[in-house]
Amino acid sequence: MTQKTPPLQDEARERLLARIDFAWEADQSRGAEKLPRPPNRSTDFTSLPAYEDVRLQRRFAERYHIESPYFRVHDSRNGAHTQVAGRDLLNFSSYDYLGLNGHPEVIAAAKAAIDRYGISASGSRHVSGERPVHRELESALAKHYGADESLVFVSGYATNLGVIGHLVGPKDLVVYDAAIHNSVVMGSVLSGAARRSFTHNDLDNLDQVLASARGNYERALIVVEGVYSMDGDYPDLPRLIDIKKRHAAWLMVDEAHSIGVLGARGYGIFEHFSVDPREVDIWMGTLSKTLAGCGGYIAGSAQLIEFLKQITGAFVYSVAMPPVIAAANLAALEVMHREPERVAQLQRNGAAFRDLAKRRGLITGTGAGTAICPVIIGDSIPAVLLAQNLFKRGVNVQPVLYPAVPPNESRLRFFLTAMHTDEDIAAGIEATVEEIARLDESIKALNIPGFDR
């Protein structure tokens, strides 16, 4: 799932505003015409408070010729390499961890599904959208987790939003990792339940939060990620299971970035820790990363799935997953199960990238050598500028900025795949090291008033 970035706020927003104010005053002193403020009218979208943040960011970028790294159009398959505007780029921004997007069997399954069903299911699952391939995919996912049943949704984000939003309520408590995905936070808000976060991967803190608050609520739900999308690390699953049992809580694990990544066969975090998957109450995942499609899923008890099928608006009131996507997801899962060597190659690449990056002096935070490796830069402007300079050199990697990550922890987020070669890894790291060495010079050339790196 892609992390939704909220508007700038607090410390980072104030720093940006201060810099823009300096630049604006400098323009006025040279006689430049001040841009008009958007009209403050209740029917004008530009009067929305968050729009001002967007406008200020755009003005800042235009004034200092900083290109947006987002929404670039890729002309080819997004793998270890990609093409943008006719240029071949070394690519570290792909979720295709095992290289299954484009696998001959996955493509053949998709084409066969189109021939049989067309493109759309043309209705919700309740009404007329049910197809055999939906049940086949759900059966395969349930078997993967040793669960009674599973349920697929058309959106990974909506899966967390809808399931958490309906599973708990005002008399309940949701406790999640401080680095959890935005969809979990928004699902918790929708539910009306009390919300608490615990320090990232600090299970002592989780235990403390539950010890102090659990007794005030009917039900409690703990939510963690199998691999954290911003840091590339993972929690201690056996200890989480112990904590949830002691505090009579449900445990929900979001495997968006851990299925196909952790475990000898890519089965996920339960295989990595040799844990019985039935010890986890709710398995959630997305079908858009390793499994090369789109959508989300929940696996668990028959009672849980029965409840979600009838109650969750994100399922009940949504069109069914297109059969072509369900067929591709199913084929990708089958290939992953049959070819564990892909998982082994991905794990070698993830560890090799992290280890070489650290040896070359890059700051990789808590990255554990998985398919995601952060390179911490600090302030948002150097992170964006570094990504821009790397793009010019033919390396595609995206920056992640506050508030998606903590203030002063802006970073480049490198995604590794089984398709990357040793040469790709070495080239990406060497280019990053060289461009970081030039950052001070690049920033100084911009002459941003009030910016002191």
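Start by selecting Tyr 97: at 0% relative accessibility, this residue counts as buried (buried means under 20% relative accessible area, exposed over 50%, partly exposed in between, with a 1.4 Å probe and protein chains only). A word on what you have open: this is a predicted model, where local features need pLDDT of at least 70 and side-chain atom pairs count only at pLDDT 80 or more, while totals for chains, interfaces and linings use all residues. Residues are numbered from 1 along each chain as its sequence is written, and side-chain values use heavy atoms, with hydrogens and water left out.

**The aromatic pairs**

Keep Tyr 97 on screen for a moment. The structure holds 12 aromatic pairs; rings of Phe, Tyr and Trp (its six-membered ring) pair if their centres lie within 6.5 Å, and planes under 30 degrees apart count as stacked, over 60 as edge-to-face and the rest as tilted. Add Tyr 95 and Phe 415, an edge-to-face pair with 5.2 Å centre to centre and 85 degrees between the planes. Tyr 95 is in the loop between β2 (87-91) and α3 (104-117), while Phe 415 belongs to strand β13 (residues 410-415), so this pair links parts of the chain 320 residues apart (helices, H or I, of at least four residues and strands, E, of at least two are DSSP runs, numbered from the N terminus). Phe 415 is buried too, at 5% relative accessible area.

Now go back to Tyr 97 and look across to Phe 415. Their ring centres are 6.3 Å apart and the planes are at 40 degrees, so the pair is tilted. Tyr 97 lies in the loop between β2 and α3 and Phe 415 in strand β13, so this pair ties together parts 318 residues apart in sequence.

For another group of rings, select Tyr 145, Tyr 267, Phe 270, Trp 283 and Tyr 297, which form one aromatic cluster.

**Charges over rings**

Return to Tyr 95 and show Lys 289, which lies over the face of that ring at 5.0 Å from the ring centre (a charge sits over a ring if NZ of Lys or CZ of Arg is within 6 Å of the ring centre and within 35 degrees of the ring normal). Then jump to Arg 87: its charged end sits over the ring of Phe 391, 5.2 Å from the centre.

**Thr 290**

Next, pick Thr 290, in the loop between β8 (282-286) and β9 (296-300). What is its relative accessible area? It is 0%, so Thr 290 is buried. A polar atom of its side chain lies 2.8 Å from the backbone oxygen of Ile 259. Leaving aside neighbours within four places in sequence, Thr 290 is in contact (heavy atoms within 4.5 Å) with residues including Tyr 95, Tyr 97, Ile 259 and Met 336.

**Arg 219**

Now head for Arg 219, in the loop between α8 (203-213) and β6 (220-225). This residue is partly exposed, with a relative accessible area of 39%. Apart from neighbours within four places in sequence, its contacts are Lys 171, Asp 172, Leu 173, Arg 214 and Trp 250. Draw a line to Ser 442 and you cover 53 Å, C-alpha to C-alpha, between residues 223 apart in sequence.

**Zoom out**

Finally, show the whole chain, with its 17 helices and 13 strands. Along its principal axes, the C-alpha trace spans about 70 × 50 × 45 Å. Of the 453 residues, 55% count as buried. Among contacts with a separation of 6 or more, 71% come from residues 24 or more positions apart.

Definitions and conventions. Polar contact = N/O pair within 3.5 Å; in protein donor to acceptor, adjacent residues only side chain to side chain.
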